[in-house]
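Hello,

Here is the structure I promised to pass on. Please open it first, then read my notes below.

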Amino acid sequence: MTDPTSRPWRDLTDPRRAEATDRLEAGLKEPEFENLEIPEELGTVQVVIDDHKIKRYAFTHDDHSSWHLNGSPFEGKRIGHAALLGNDLVQLFTLVYAASQVVGYHTEEQMWFDSPAALDEVVTLHGTYTEAYRRRGEGYVVMEATATGEDGRSVVRHRGVEILKTTPGAIGGRGSALPERRVTGEVPKDARVVDTLGSDARVGDVLAPLHKTVTAEQAAVFSRVGEYVRNIHNDIDVARAGGLRVPIVQGQQQFGMLAQLLTLRSGPAFLTSGWLRVKFLAPLKVFEPFTSTGVITAVTPVDDGLRIDLEVWVRRDTDNRLITAGWAAVTVPAS
């Protein structure tokens, strides 16, 4: 059903590291469903959109657009990628909960893209657990979070759903319990393939696909290996302890690939009017090639242009299995 989030793991073979982790997590709650207090404030942190952060994300997503490395249509400034802050928002739970010995499953991710963050801007992140429920024997929690620029504007808004504590090898790939607005990933063979979402967009158009492979190195960097964190995305021993053969790609990283696809196809508009919601259906192993694409489901005139609604998805190339699926929207100029 899902793809796990980047939960830190303590290295129990190194007493010094275990002691250091214990000190860092002193006073934090264990991430158990019974310990949730809804609503629960997770706190506020500030993040600098510096050169290292942008380049690290460019490496992990193989997205070296000149907008991020040189200059963009936004006053010529270097800007962060659309989903650059996604993992930072997901990790806000670590301000309240100790996560050194558990693996959580990120089952759904949703973001609204309101404005790009510029190089060297200090962005403020704030998160809250807003809802909790049980389903099929698992405890789920909903996080809502925001990223705000230095001038008070909204950069992105986030809503994520996670299983707090589970075994990834046992639950991965069992499918979504809710088939709402089911995305099949099927399109007519004669559908028009488009590189750009513009004023001539029409229902049934298919996005020119984006072909990717996430290497073990890219998955590890995205999942905090440089912070001396071990998890099922960056360490083969931890992955196998969780019932997996090899590390798997974080759901949030797949989400970033879809955000890249939509940015490529709709241009600057996605960074100021985009919306993307996905469900993680099955795991993606490192080094497994995959393809992201989508189909237009509606084109609606609005005051500031055309709102284009889409179904989007990711398929593993090895078996053509649908592993991530969801919905997106963007408002593009009418002419």
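By class, which residues make up the lining of the largest pocket? Nine are nonpolar, four are polar and five are charged. Please keep in mind that this is a predicted model.

**The pocket**

The largest pocket has a volume of about 410 Å³. It is lined by 18 residues. Closest to the centre are Lys53, Arg56, Asn87, Asp88 and Glu227. Four elements each give two or more residues to this lining: strand 2 (40-48), helix 2 (51-61), helix 4 (86-90) and helix 6 (216-222). Helix 2 has the largest share, at four residues.

**Helix 2 and its contacts**

Helix 2 also meets helix 8 (residues 251-266). The two axes come within 10 Å and cross at roughly 90 degrees. Angles of 65 to 115 degrees count as roughly perpendicular, so helix 2 and helix 8 fall in that class. On the helix 2 side, the contact uses Tyr57, Thr60 and His61. On the helix 8 side, Gln253, Gly256, Met257 and Gln260 take part. The class split for this contact is two nonpolar, five polar and no charged residues.

Tyr57 has an aromatic partner as well. The model has four aromatic pairs. In one of them, the ring centres of Tyr57 and Phe222 lie 6.4 Å apart, with the planes at 65 degrees. Planes over 60 degrees apart count as edge-to-face, so this pair is edge-to-face. The pair links distant parts of the chain, with Tyr57 in helix 2 and Phe222 in helix 6. The two residues are 165 residues apart.

**The cavities**

How many cavities of 30 Å³ or more are there? There are two.

The largest cavity has a volume of about 100 Å³. Its lining has 14 residues. His81, Ala82, Ser115, Ala117 and Val155 are the closest to the centre. By class, the lining has 10 nonpolar, three polar and one charged residues.

The second largest cavity holds about 40 Å³ of space. Its lining consists of Val90, His106, Tyr129, Val141, Met143, His158, Gly160, Val161 and Glu162. Five of these are nonpolar, three polar and one charged. Which strand gives the most to this lining? Strand 6 (154-163) does, with four residues. Strand 5 (138-148) also supplies at least two.

Best wishes

How values were computed: Residues are numbered from 1 along each chain as its sequence is written. This is a predicted model: local features need pLDDT of at least 70, side-chain atom pairs count only at pLDDT 80 or more; totals for chains, interfaces and linings use all residues. Side-chain values use heavy atoms; hydrogens and water are left out. On a 1 Å grid over the protein atoms alone, a cavity is a set of points where a 1.4 Å probe fits but cannot get out, and a pocket is an open set with protein on both sides within 12 Å along at least five of seven lines; lining residues have an atom within 4 Å of a point. Grid points are joined across faces, edges and corners, and a volume is the space filled by probe spheres set on the points. Ala, Val, Leu, Ile, Met, Phe, Trp, Tyr, Cys and Pro count as nonpolar, Asp, Glu, Lys and Arg as charged, and the others, Gly among them, as polar. Axes are lines fitted to C-alpha atoms, for helices over the stretch in contact, and angles run from 0 to 180 degrees between N-to-C directions. Angles under 35 degrees count as roughly parallel, over 145 as roughly antiparallel, 65 to 115 as roughly perpendicular and the rest as oblique. Contact means heavy atoms within 4.5 Å. Rings of Phe, Tyr and Trp (its six-membered ring) pair if their centres lie within 6.5 Å; planes under 30 degrees apart count as stacked, over 60 as edge-to-face and the rest as tilted.
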